[in-house]
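The following exercises are intended to be worked with the coordinates at hand. Each task is followed by a solution that proceeds step by step.

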Amino acid sequence: NTAVYEIEGPLFFGSVKRFLGFFDMDGDPEHVEIHCPMMSIMDYSATEALCKLADEYAEKDKKLHLRFLSHEHHRYLKKARDMTAGKLTVLEVRTNVDDAQDALTDMRQDHVNILAHRDPAHA
């Protein structure tokens, strides 16, 4: 069983708090995927937020996986690999913009029934 979160848009210091509020760590199953074909890691606070999220899931014996992350933004996470060792896995990296749109279309078709969206008012 896997919880899937679809994230689009820039992740940066101004959006980190809202981003972290989307996740239901207690209610999520053992595996959690963040599908992010249109997500941009804009600064170090975004990397820290992903590391923090991975740490919090790891504390609950849960695994966090990223899917469809751009090659460009994957580089940010590679720099933080010591912070994420064993806690955050990048499952798929896309190489260009067309791949992102194709991945987003495929993801929505394949996972239409399991996409998890939380009401930001509850974050």
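The exercises below concern a predicted model and go from the overall fold to single residues.

**Exercise 1. The overall fold**

Task: Determine how many helices and strands the chain has, and state the pattern that they follow along the sequence.

Solution.
Step 1. Counting the elements gives five helices and five strands.
Step 2. Reading along the sequence, one obtains the pattern β-α-β-α-β-α-α-β-α-β.
Step 3. The contacts add to this description: among those between residues at least 6 apart in sequence, 82% join residues at least 24 apart.
Step 4. For the surface, the accessible area of the chain comes to about 7,100 Å², and carbon and sulfur atoms account for 47% of it. Of the 123 residues, 41% count as buried.

**Exercise 2. The largest nonpolar core**

Task: Identify which members of the largest nonpolar core touch the most other members, and which elements each supply at least two of its residues.

Solution.
Step 1. The core comprises 26 residues, and those touching the most other members are Phe 19, Phe 23, Ile 34, Leu 50 and Leu 53.
Step 2. At least two core residues come from each of strand 1 (2–11), helix 1 (16–21), strand 2 (31–41), helix 2 (44–59) and strand 3 (63–70).
Step 3. Helix 2 provides the largest share, with six residues.
Step 4. Leu 50 may be examined individually. Leaving aside residues up to four places away in sequence, Leu 50 touches Leu 11, Phe 19, Ile 34, Met 39, Ile 41, Leu 64, Leu 66, Leu 77 and Leu 88.

**Exercise 3. Aromatic pairs**

Task: Classify the pair formed by Tyr 5 and Phe 23 and the pair formed by Phe 12 and Phe 13.

Solution.
Step 1. The structure holds four aromatic pairs, one of which joins Tyr 5 and Phe 23 at 4.5 Å centre to centre, with 50° between the planes. This pair is tilted.
Step 2. Tyr 5 belongs to strand 1, whereas Phe 23 lies in the loop between helix 1 and strand 2, so the pair ties together parts that are 18 residues apart in sequence.
Step 3. Both Tyr 5 and Phe 23 are buried.
Step 4. For Phe 12 and Phe 13, the ring centres are 5.5 Å apart and the planes stand at 90°, so this pair is edge-to-face.
Step 5. The accessibilities of these two residues follow. Phe 12 has a relative accessible area of 28% and is therefore partly exposed, while Phe 13 counts as exposed because its value is 63%.
Step 6. Finally, one aromatic cluster is formed by Tyr 5, Phe 19, Phe 23 and Tyr 57.

**Exercise 4. Cysteines**

Task: State how many disulfides the structure holds, and decide whether Cys 36 is buried or exposed and whether Cys 51 is buried or exposed.

Solution.
Step 1. The number of disulfides is zero.
Step 2. The cut-off for a buried residue is under 20% relative accessible area.
Step 3. Cys 36 has 0% relative accessibility and therefore counts as buried. Cys 51, at 3%, also counts as buried.

**Exercise 5. Polar and charged side chains**

Task: Locate His 35 and Asp 24, and describe the surroundings of each.

Solution.
Step 1. His 35 is found in strand 2 and is buried because its relative accessible area is 0%.
Step 2. The His 35 side chain makes a polar contact of 2.6 Å with the side chain of Glu 33.
Step 3. Asp 24 is located in the loop between helix 1 and strand 2; with a relative accessible area of 34%, Asp 24 is partly exposed.
Step 4. Asp 24 and Ala 3 are 21 residues apart along the chain, and their C-alpha atoms are separated by 9.5 Å.

**Exercise 6. Positive phi outside glycine**

Task: Describe the backbone angle and the location of Asp 61 and of Phe 68.

Solution.
Step 1. Asp 61 is not a glycine, although its phi is positive, at about 60°.
Step 2. This residue, Asp 61, lies in the loop between helix 2 and strand 3 and counts as exposed because its relative accessibility is 65%.
Step 3. Phe 68, likewise a residue other than glycine, has a positive phi near 70°.
Step 4. Phe 68 is placed in strand 3; its relative accessible area is 12%, and Phe 68 is therefore buried.

How values were computed:
Residues are numbered from 1 along each chain as its sequence is written. This is a predicted model: local features need pLDDT of at least 70, side-chain atom pairs count only at pLDDT 80 or more; totals for chains, interfaces and linings use all residues. Side-chain values use heavy atoms; hydrogens and water are left out. A nonpolar core is a set of buried Ala, Val, Leu, Ile, Met, Phe, Trp, Tyr and Cys residues joined through side-chain atoms within 4.5 Å. Buried means under 20% relative accessible area, exposed over 50%, partly exposed in between (1.4 Å probe, protein chains only). Helices (H or I, at least four residues) and strands (E, at least two) are DSSP runs, numbered from the N terminus. Contact means heavy atoms within 4.5 Å. Accessible areas come from the Shrake-Rupley method with a 1.4 Å probe; for residues, only the protein chains shown count as cover. A disulfide is a pair of cysteine sulfur atoms within 2.5 Å. Rings of Phe, Tyr and Trp (its six-membered ring) pair if their centres lie within 6.5 Å; planes under 30 degrees apart count as stacked, over 60 as edge-to-face and the rest as tilted. A polar contact is a pair of N or O atoms within 3.5 Å; within protein, one must be able to donate a hydrogen and the other to accept it, and residues adjacent in sequence count only if both atoms are side-chain atoms.
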